[in-house]
Amino acid sequence: MFFIISNDKELRDDGRAFDELRPIKIEAGVLKRADGSAYLEVGGNKILASVYGPRESYIRRLLKPNTGVIRVRYNMAPFSVDDRKRPGPDRRSTEISKIAADALRPALMLESFPRSMVDVSIEVIEAEGGTRCAGITAAAVALADAGIPMKDIVVGCAAGKVNDQIVLDLSEKEDKDGQADVPIAIMPRTGEITLLQADGNLSEDEFEEALDLAMEGCRKISEIQHEALKNKYSSD
Ligand code: UDP
């Protein structure tokens, strides 16, 4: 068998180096009616995030007297995956909606908006591995586009283990065939971690390596988020 070697490590099935992201692009402010929005493509993922709010909500039990509240709905379109996805929420989308809200909340300064609600929607139009991180990344840009005061723009990225090698930004195939997946989200200015999940088996050293690599990936994607927002505001 013939392998191409890069930095003493084999190139991956899709030709990427171990520390290479899939091609990524982000556009801010793509929807007219939402308060904020963003469209993101990474590899074969196509994701649309929108934000409404802060605004009053009629669901009184969800509101808090001293701060605003963020609510996230992650949804996969029926045509976003190979086997048609049954429409509506399921266990996976409920989990991802919750962890996305938890990942975004620490960056938001919602104290100025008591008794109000920020509704974030993450629509996965096409999925190809890593949609939770990509969804969080897109949602953070949409929140910034909505003008919601934030300490930082949260960004998500995963690293994992494939063919006994720690690699950045797993594709769907790598996620399925691989040995581990570690999706994270951070506030890049401080490096504070707002999401950390791990699926599969890693030694302590491998976990550290995956975490460092995912952090590096987040920092690269953070620059693209900032570019997207600059482009939006320079064209307004
Ligand atoms: N996937 C799928 N059907 C589903 C759920 C997921 O084909 O009902 C695919 C999709 O490409 C997704 C990948 O499997 O991105 C990995 O899913 P996982 O639950 O690990 O979450 P993600 O990596 O997207 O955050």
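What span should the 15 residues of H2 have at 1.5 Å a residue, and how far apart are its end C-alpha atoms? The expected span is 21 Å, and the end C-alpha atoms are 20 Å apart, which agrees. That expectation is 1.5 Å times one less than the number of residues.

## Basis

This is a predicted model, where local features need pLDDT of at least 70, side-chain atom pairs count only at pLDDT 80 or more, and totals for chains, interfaces and linings use all residues. Residues are numbered from 1 along each chain as its sequence is written, and side-chain values use heavy atoms, without hydrogens or water.

## Helix H2

Helices (DSSP runs of H or I, at least four residues) and strands (E, at least two) are numbered from the N terminus. H2 is mostly covered, with 15 of its 15 residues buried (under 20% relative accessible area; exposed is over 50%, partly exposed in between; 1.4 Å probe, protein chains only). Just after H2, Gly147 takes a positive phi of about 80°.

## Cavity lining

Strand E4 (36–42), helix H2 (131–145) and strand E8 (155–162) each supply at least two residues to the lining of the largest cavity. Here a cavity is a set of points on a 1 Å grid over the protein atoms alone where a 1.4 Å probe fits but cannot get out; lining residues have an atom within 4 Å of a point.

## Phe207

Phe207 is found in helix H4 (residues 204–235). Its relative accessible area is 25%, so Phe207 is partly exposed. Leaving aside neighbours within four places in sequence, Phe207 is in contact (heavy atoms within 4.5 Å) with Val182, Leu196 and Leu202. The C-alpha atoms of Phe207 and Ala159 are separated by 9.4 Å, at 48 residues apart along the chain.
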